[in-house]
Amino acid sequence: MINMAAVKLQKSVVSQAGKHTASVIFLHGSGDTGPGLRSWVLDVLGQNLAFENIRVIYPTAPLRPYTPMRGAPSHVWFDRHKISQHCPEHLESIDSMCDHLSAIVQDELRAGIPKHRMVIGGFSMGGAMALHLVCRHHQDIAGCFCLSSFLNKDSAVYQAVETAQRPLPELLQCHGTSDELVFHDWGEKTNTLLKKAGLNASFHSFPDLNHQLCRQELELLRSWILKKLSI
């Protein structure tokens, strides 16, 4: 068994062109890595997701046994009993990873970036991980985004949103209508339940998009990040 307590997450970073005044933490999907997601974004956009004053950080999840792959090791943020809305969350692994990712938030704080100048989000499993990290542990950041993601129907995130004592960060959620791995309906239901719990959330559908990124989606994300982190 991997000693998760000893893990320090690796990071791939796209540095800002000018003074560092804000940060984005972008979490990859299952089986990917930080450099892999950074390269994918570059391929889709034709350039890095880069800004004048915003640092973009792509952490890599450590290798761990992944139950949907019959226990084979994979770069995943947490374990799942199966890829389905209708099963309990693997909260032990989720909570452990929240601790590791919170260390990256602390690194940015030490670099002089306040939490209201941070955005956290991700693709697929990375988006679900971001929702746990933000809604349960870092409710004072600037925003959260989820691309092709879903939460289990009884997720601890919903309870955290319902019981929050402060306004939570705005959520940007995007999903392809032709997604055959994380169905569009799963993303839509997640968004509906988050709104019902009290989250300020938007949902954007991308016709004919499978479980992938697309240029229009990343351009929307870029504009949204600039809006949330404008000085």
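At 16% relative accessibility, L168 counts as buried, a label given to residues under 20% relative accessible area, with exposed meaning over 50% and partly exposed anything in between, for a 1.4 Å probe and protein chains only. L168 lies in the loop between helix 4 (156–162) and strand 8 (170–176). Helices here are DSSP runs of H or I with at least four residues, strands are runs of E with at least two, and both are numbered from the N terminus. The model you are looking at is predicted, so local features need pLDDT of at least 70 and side-chain atom pairs count only at pLDDT 80 or more, while totals for chains, interfaces and linings use all residues. Residues are numbered from 1 along each chain as its sequence is written, and side-chain values use heavy atoms, with hydrogens and water left out.

From L168 we can step across to helix 3. The C-alpha atoms of L168 and C135 are separated by 7.1 Å, although the two residues are 33 apart along the chain. C135 is one of the buried residues of helix 3. This helix covers residues 125–137, and its 13 residues reach 18 Å from the first C-alpha to the last, close to the 18 Å expected at 1.5 Å a residue. The expected span is 1.5 Å times one less than the number of residues. How much of helix 3 is covered? Eleven of its 13 residues are buried, among them M125, G126, H132 and V134. In general, an α-helix has 3.6 residues a turn, so residues three or four places apart point the same way.

Just ahead of this helix is S124, in the loop between strand 6 (118–123) and helix 3. S124 has a positive phi of about 55 degrees although it is not a glycine, and at 10% relative accessibility it counts as buried. S148 offers another case: its phi is near 60 degrees, a positive value in a residue other than glycine. You can find S148 in the loop between strand 7 and helix 4, where it counts as buried at 0% relative accessibility.

Strand 8 brings us to Q173, which counts as buried at 1% relative accessibility. Q173 and S202 are 29 residues apart in sequence, yet their C-alpha atoms are 6.0 Å apart in space.

Now let us turn to the aromatic rings. A pair of aromatic rings is described by the distance of the centres and the angle of the planes. Rings of Phe, Tyr and Trp (its six-membered ring) pair if their centres lie within 6.5 Å; planes under 30 degrees apart count as stacked, over 60 as edge-to-face and the rest as tilted. A search of the whole structure finds six aromatic pairs. One of them joins F26 and F145 edge-to-face, at 5.0 Å centre to centre with 85 degrees between the planes. F26 lies in strand 2 (residues 22–27) and F145 in strand 7 (residues 143–147), so this pair ties together parts that are 119 residues apart in sequence. Both F26 and F145 are buried. Why is the pair of F183 and W186 edge-to-face? Their ring centres are 5.1 Å apart and their planes are at 90 degrees, so the pair earns that name. F183 counts as partly exposed at 39% relative accessibility, whereas W186 is buried with a relative accessible area of 14%. Ring pairs also link F26, Y58, F145 and W224 into a cluster.

The cysteines tell a short story. A disulfide is a pair of cysteine sulfur atoms within 2.5 Å, and by this rule the count comes to zero. The sulfur of C144 is 4.5 Å from the closest cysteine sulfur, in C146, which is too far for a bond. C144 is buried with a relative accessible area of 2%, and C146 is buried with 1%.

Finally, is there empty space inside, and what surrounds it? A search of the whole structure finds one cavity of 30 Å³ or more. On a 1 Å grid over the protein atoms alone, a cavity is a set of points where a 1.4 Å probe fits but cannot get out, and lining residues have an atom within 4 Å of a point. Grid points are joined across faces, edges and corners, and a volume is the space filled by probe spheres set on the points. About 80 Å³ of space lies in the largest cavity. Its lining has 14 residues, of which F78, R80, E89, I94 and N152 lie nearest its centre. By class, the lining has six nonpolar, four polar and four charged residues; Ala, Val, Leu, Ile, Met, Phe, Trp, Tyr, Cys and Pro count as nonpolar, Asp, Glu, Lys and Arg as charged, and the others, Gly among them, as polar.

Conventions: 1 Å grid on protein atoms, 1.4 Å probe; cavity = no way out; pocket = protein on both sides within 12 Å on 5 of 7 lines; lining within 4 Å.
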